[in-house]
Amino acid sequence: MATHFFGIRDRIYSYRNCIGRVAVNGEGFLCPVDLALASNDVAYVVNRSFEYRPDGLRVTKCTLGGDYLGEFGSGGEGEGQFVWPAAVAVDRDENVYVADEWLNRILIYDKDGKFLRSWGKRGSGDGELNGPAGLAFTRDNDLFVVDSRNNRVQKFTADGRYLGQFGNAGKAPGQFNLPWGIGLDKDGNVYVADWRNDRIQKFTPEGKWVASCGTSGSGAGQFNRPSGVCVDNDGDIYVADRQNDRVQVLTPEGRFITAITGNAGLSKMGAKQLQANSDMIRQRALALVNDAGAWERALSYPTAVKADAQNRIAILDMGRYRIQLYEKSRNATLN
């Protein structure tokens with residue numbers, strides 16, 4: 001997975017649409033930090049909000065077409081509540097799992113947002129958590145949890161029974177420095193966004209280190225605090241290169257393909273808000289004149305990236321409070 005610094009041009013990423021707008025609650029997002037894709041084009045988005053706006057803490061349910069379907073969860077320490085929600089994943093029964101890195105627990109809801117149960121407690125022993133971040137389910141419905149401040153990845157059954165772990169603190173292969181995002185490929189290999197080490201690491205399903213790619217920087221194949229990673233059906237790797245305001249695309253071997261930097265337009269939710277506010281219409285028109293729409297198009301702190309079975313790429317654009325959706329195709333003349 002050594003990265004070579006030249007592009008591969010046979011992949012084409014076409015912008016489809018964006019979803020969301022800034023909103024404390026209701027139709028939109030507030031400091032969204034992760035998303036999960038479910039069946040029927042449904043997406044769940046974790047809104048971390050801000051410490052001074054605990055009323056913005058929630059999970060938003062929407063469609064990839066841009067329709068708002070509802071929200072659930074709230075700020076607090078009671079049942080079904082969270083303080084610092086960090087990640088979300090959906091199991092094979094379409095239950096929704098949310099990691100709370102402050103309360104060190106995993107909360108479980110049904111697909112309609114009804115709270116079912118939670119598990120997890122703070123610590124560094126087997127099965128204990130310290131800052132749980134990324135979540136990813138295996139085909140067997142076991143759950144990988146990025147145990148960020150313990151610098152490891154743990155594996156659990158869906159009901160929280162500890163199965164194993166890999167990783168420890170450091171810079172060597174297989175070690176971590178505050179890991180964050182996680183993704184699996186079709187063979188069950190595990191990819192971890194090693195946040196403070198500015199790299200992506202690949203492991204077997206059993207947790208054996210396979211390869212690493214990336215160094216610190218802003219060039220092709222370099223990362224600045226990568227926070228999310230996923231793998232599509234072809235094995236191509238997508239990295240939410242958060243501080244570089246882009247998503248980088250790599251081959252299965254780790255070679256640089258391209259960088260997605262944003263091409264968004266107005267979302268359905270945003271258009272609805274504009275229609276009700278003439279001042280906002282004028283402000284947007286002025287902004288488009290000033291920079292020809294560059295600010296509106298661009299990614300800002302992309303925090304998570306997910307690929308679905310149709311090779312659509314959903315990028316959670318945290319700094320712009322939205323999801324940018326792209327579709328991958330191949331240029332036959334370059335194959």
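This is a short tour of a predicted model, taking in its pocket, its cavity, one sheet, a run of hairpins and two single residues.

**Pocket and cavity**

Let's start with the empty space. The largest pocket holds about 1,200 Å³. It is lined by 43 residues, and the closest to its centre are Leu37, Val90, Phe137, Leu184 and Ala307. Strands that give two or more residues to this lining are β2 (32-37), β8 (85-90), β12 (132-137), β16 (182-184), β20 (226-231) and β24 (302-307).

There is also one cavity of 30 Å³ or more. Its space comes to about 120 Å³. Asp34, Gly134, Gly181, Ile182 and Ser227 lie nearest the centre of this cavity. Here the elements with two or more lining residues are β2, β8, β12, β20 and β24, and β24 gives the most, with four residues.

Here is how the two linings break down by class:

| Space | Nonpolar | Polar | Charged |
|---|---|---|---|
| Largest pocket | 21 residues | seven residues | 15 residues |
| Largest cavity | nine residues | five residues | two residues |

**A four-stranded sheet**

Strand β24 turns up again in an open sheet of four strands, ordered β1-β26-β25-β24 and paired antiparallel. Which strands stand at its edges? They are β1 (11-19) and β24, and each has a single partner strand, so one side of each lacks a neighbour in the sheet. On average, neighbouring strands here are turned by 25 degrees against each other, ignoring direction.

At the β1 end, eight bridges tie β1 to β26 (residues 322-330), with the two strands running antiparallel. One pairing to look up is arginine 11, whose bridge partner in β26 is arginine 330.

**β17, β18 and β19**

Next, have a look at β18 (residues 199-203). Five of its five residues are buried, so the strand is mostly covered. In a regular strand the side chains alternate between the two faces of the sheet. In β18, Arg199, Gln201 and Phe203 point one way and Ile200 and Lys202 the other, and all are buried.

On one side, β18 is joined by five bridges to β17 (residues 190-194), and the two run antiparallel. Aspartate 194 sits opposite arginine 199 of β18. The β17 and β18 hairpin has four residues between its strands, and aspartate 198 takes a positive phi near 50 degrees there.

β18 also pairs with β19, through four bridges and again antiparallel. Phenylalanine 203 stands opposite tryptophan 209 in β19. This second hairpin has five residues between the strands, and glycine 207 in the turn has a positive phi of about 95 degrees.

**Two residues to compare**

Finally, two single residues. Is threonine 63 buried or exposed? This residue of strand β4 (residues 58-63) has 14% relative accessibility, which is under the 20% cut-off, so threonine 63 counts as buried. Leaving out residues up to four places away in sequence, threonine 63 touches Ile19, Asp41, Val42 and Leu69.

Serine 218 sits in the loop between β19 (209-213) and β20. Its relative accessibility is 52%, so serine 218 counts as exposed. With the residues up to four places away in sequence set aside, serine 218 touches Asn244 and Arg246. From serine 218 to aspartate 159 there are 59 residues in sequence and 40 Å in space, C-alpha to C-alpha.

Methods. Residues are numbered from 1 along each chain as its sequence is written. This is a predicted model: local features need pLDDT of at least 70, side-chain atom pairs count only at pLDDT 80 or more; totals for chains, interfaces and linings use all residues. Side-chain values use heavy atoms; hydrogens and water are left out. On a 1 Å grid over the protein atoms alone, a cavity is a set of points where a 1.4 Å probe fits but cannot get out, and a pocket is an open set with protein on both sides within 12 Å along at least five of seven lines; lining residues have an atom within 4 Å of a point. Grid points are joined across faces, edges and corners, and a volume is the space filled by probe spheres set on the points. Ala, Val, Leu, Ile, Met, Phe, Trp, Tyr, Cys and Pro count as nonpolar, Asp, Glu, Lys and Arg as charged, and the others, Gly among them, as polar. Two strands pair if DSSP finds at least two bridges between them. Axes are lines fitted to C-alpha atoms, for helices over the stretch in contact, and angles run from 0 to 180 degrees between N-to-C directions. Buried means under 20% relative accessible area, exposed over 50%, partly exposed in between (1.4 Å probe, protein chains only). Contact means heavy atoms within 4.5 Å.
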